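Here's a walk through one protein–DNA model, written for someone who likes the cut-offs spelled out. Have a look at the structure first, then read on.

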Amino acid sequence: MDVSHILDSLNEEQRQAVAAPSRNLLVLAGAGSGKTRVLVHRIAWLMEIERLNPSSIMAVTFTNKAAREMRGRIEKLLDLPARGLWFGTFHGIAHRLLRSHWRDANLPENFQIIDSDDQLRLIKRVIRELNLDETKWPPRQAQSFINSNKDEGVRAEYIDDTSDIYMRTMKLVYKNYEEQCQRSGLVDFGELLLRSHEVWLNNPQLLAHYQERFRHILVDEFQDTNTVQYAWLRVLAGSRVPLTVVGDDDQSIYGWRGAKIENIQHFQNDFADTMQVKLERNYRSTSTILDAANGLIANNSGRLGKQLWTEENEGEPIDLYAAFNEQDEANYVADCINEWVKKGNQRTDVAILYRSNAQSRVIEDAFIRQQVPYRIYGGLRFYDRMEIRNALAYIRLVHYRHDDAAIERVINVPPRGIGNKTVSDLREHARLDSVTLWQACNEMIRLGSLKGRAANAVQKFIDLIESLADGANDLALHTLVEKVINESALKDFHGAEKGEKGQARVENLNELINATRDFEAEDDEMEPLAEFIAQAALDAGENQAEEHEDSVQMMTLHSAKGLEYPLVFMVGMEEGLFPHSRSSEEPGRIEEERRLCYVGITRAMEKLVMTHAETRRLYGQEKFHAISQFIREIPASLIQEVRLRNTVTRPVSFQRSGIDDWATGASSDAAFQLGQRVNHSLFGEGVVLNYEGQGPHARIQVNFDSEGSKWLVLSYAKLEAV
DNA sequence: CCCCTACTGATCCAC
DNA sequence: TCAGTAGGGG
């Protein structure tokens, strides 16, 4: 067997991973070390050398995008369609399983997936039905309670509610929500995983069937798996299906979303006979950038341990710019980019990374002023748009009348005279009779328990849905969707919104019709309509618009994971911003922030620029921020401090110590400490809240007992310590 | 039902 | 500060 096409283009470590014996394998893949390539070649190896049937290989990713990309690359490598391979996200695969075994899963045959928006509506409804005060028990909080418990594999019945009113209430909401979902055949994201896991646990023969079938399972981004996903894999793999997991503990940045870094840390203990391969050679960045990343991440504890290296040369030092404030910071970035473009470079090769979305505004302003074209990653994705979600709700109802989440959404959209009162009557009826809202609509009309106008309106709604559904099976998908959008009057409704908005919404609705026209059904066991609906729920679509102009890419550090850019700016490198103030509580959170910083640094290929602002307006208040501790953790020799006109290189530690002292209020020329009581000849006594600036321009904020808070120029204020 | 005002609260986000 | 939303009045 000729293996050259699989192994030739790989380095020694990659080859080891790809050609490892077919047993448990942990690949620790550093940033830019060719992770996807190893995964793709390993699959090819298993198929061609180990002679595994494609349908006996399962490859799991976290995003649909990653799954699509990998599938494409395999097809390219093998030069044939990867038919039969079980390829997809955890949720997609779980959905597929539940669909095949809906009876074992105790679900209706056409159960529907709800997203977090639908989920929130349902939870709101449950809270209202329980007569709980929504202000005391915010639905969002209940939602995250439910989801994090599902992520941990904990059902309502197992929640310990002894003594605590909070736990008691949350458990009650969780339990009622579960019942509500079960009654209307709705399954949320967490439920997909939890339920399919339970199906295996409860059906040994079914589990055995899959263990028989799968000869190898591969998992990407293993450091991002949560408790249920890990348990799911463990059950499925048992002791007979070998697992290849690929990941990087240093890039685990989703702990807040339930990911457990321990999963990758303990993998070798939990899965017998695991071989480990480290991919440490980096093909992306200069050695300066890698040394910075290595130096930073060395401050974390409990690492599996990796040291990135490259054969590339040093490249340029890392620039550090201390901006006066956030506007100055933004202008500096804009200037740098204009400079970069003037040298003949592309703007698409530049990324601005920030910790939180709110930071983008000031930068956008500067870019607009300086005419730097930019694009923001993230934001509303296609299937998250209101008009699209409304249209989908109608489509869902055409397919499955008992989808309560869909009815809740569109029963009065566009407005048709079914007011709050009527809807709550319907809910009440549904609750008392343990039926779905659709059944409640029909029953209440039949029983005549709705009065004239309301009865009419509800009847019209029922008729509308039925007429949309009439003959739906004979229509091409896009024809049906077009019909739904027109006859539900959604197009007119959204088109009537004022400003550009209406027009944009109509365009999006048309785009939805186009999307269904292009939609290719893949699963022949499923109606195309059902498949389209499931796909829309599980894949929110690309979150970026078309690529027109040559523009700078702006995004959060989180969404930068997996991407690379020749020139990278990391802005807002300040304590409180990054690391974020909310993560200083537990030590584990600060390590995750550090990993996030590591992810940011390793996005840069040629040049990295870090900036911080000495003062920044945050939540309406001008605040002083100390420079981020992460800057200090990068070897000083790699950093070059920059001033706008003249570039000076000087010891970083020197400059920084001054700033650090200033931040804590311990600087020698600042005679006052934060929190100290002072006296002013005019305003009386007060407490020092904040400082800004240095030297003769330094200002001080004092909260006076009688006058409230004021900013004073320190050198004029003549303050006395009390 | 719609618009205006008052109030709240504020990382990161795939499925 | 400002964006998003809940509730009241028209």
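## A helix on the inside

Let's start with helix H14, whose buried residues pack against strand E9 (318-323), H26, strand E14 (604-613) and helix H27 (629-632). Packing here is judged by contact, meaning heavy atoms within 4.5 Å. Helices (H or I, at least four residues) and strands (E, at least two) are DSSP runs, numbered from the N terminus. H14 covers residues 287-297, and 9 of its 11 residues are buried, so the helix is largely enclosed by the rest of the structure. Among those buried residues are Ser287, Ile289, Leu290, Asn294 and Ile297.

For the bookkeeping, buried means under 20% relative accessible area, exposed over 50%, and partly exposed in between, with a 1.4 Å probe and protein chains only.

## Ground rules

This is a predicted model, where local features need pLDDT of at least 70, side-chain atom pairs count only at pLDDT 80 or more, and totals for chains, interfaces and linings use all residues. Residues are numbered from 1 along each chain as its sequence is written, chains are lettered from A and ligands numbered from 1 in the order in which they are written, and side-chain values use heavy atoms, with hydrogens and water left out.

## The chain as a whole

Chain A contains 29 helices and 22 strands. Its C-alpha trace spans about 80 × 75 × 55 Å along the principal axes. The radius of gyration, taken over C-alpha atoms, can be held against a globule rule of 2.2 Å times the number of residues to the power 0.38. For 722 residues a compact globule would come out near 27 Å, and chain A has 29 Å, which agrees.

Of the 722 residues in chain A, 53% are buried. The accessible surface of chain A is about 32300 Å², with 47% of that belonging to carbon and sulfur atoms; these areas come from the Shrake-Rupley method with a 1.4 Å probe, and for residues only the protein chains shown count as cover. Take the contacts in chain A between residues at least 6 apart in sequence: 73% of them join residues at least 24 apart.

## DNA strand B

Around DNA strand B there are 24 residues, the closest being Asn64, Arg355, Asn357, Pro415 and Leu538. Near means that one of a residue's heavy atoms lies within 4 Å of the molecule or strand. Of the strand B atoms that come within 4 Å of the protein, sugar and phosphate account for 53%. By class, the surface near DNA strand B has 6 nonpolar, 13 polar and 5 charged residues. In that scheme Ala, Val, Leu, Ile, Met, Phe, Trp, Tyr, Cys and Pro count as nonpolar, Asp, Glu, Lys and Arg as charged, and the others, Gly among them, as polar.

Phosphate oxygens of DNA strand B sit 2.7 Å from a polar backbone atom of Asn64, 2.6 Å from a backbone N or O atom of Asn357 and 3.1 Å from a side-chain N or O atom of Asn412.

## DNA strand C

DNA strand C is surrounded by Arg361, Arg617, Tyr619 and Gly620, which by class makes 1 nonpolar, 1 polar and 2 charged residues. Of the strand C atoms within 4 Å of the protein, 50% belong to sugar or phosphate and the rest to bases. A polar side-chain atom of Arg361 lies 2.5 Å from a phosphate oxygen of this strand, while a polar backbone atom of Gly620 is 3.2 Å from a sugar or linking oxygen.

Tyr619 has a backbone quirk too: its phi is positive, about 50 degrees, although it is not a glycine. Tyr619 lies in the loop between strand E15 (615-618) and strand E16 (621-624) and counts as exposed at 79% relative accessibility.

## Backbone oddities and a buried charge

Two cis peptide bonds deserve a look if you plan to check omegas. One joins Val413 and Pro414, with omega about -5 degrees, and Pro414 is in the loop between helix H18 (404-410) and H19. Another joins Phe578 and Pro579, with omega about 5 degrees; Pro579 is found in the loop between strand E13 (565-570) and H26.

Finally, is Glu592 in helix H26 buried or exposed? At 9% relative accessibility, Glu592 counts as buried. Not counting residues up to four places away in sequence, Glu592 touches Ser252, Ile253, Tyr254, Gly255 and Trp256.

Conventions:
A polar contact is a pair of N or O atoms within 3.5 Å; within protein, one must be able to donate a hydrogen and the other to accept it, and residues adjacent in sequence count only if both atoms are side-chain atoms.
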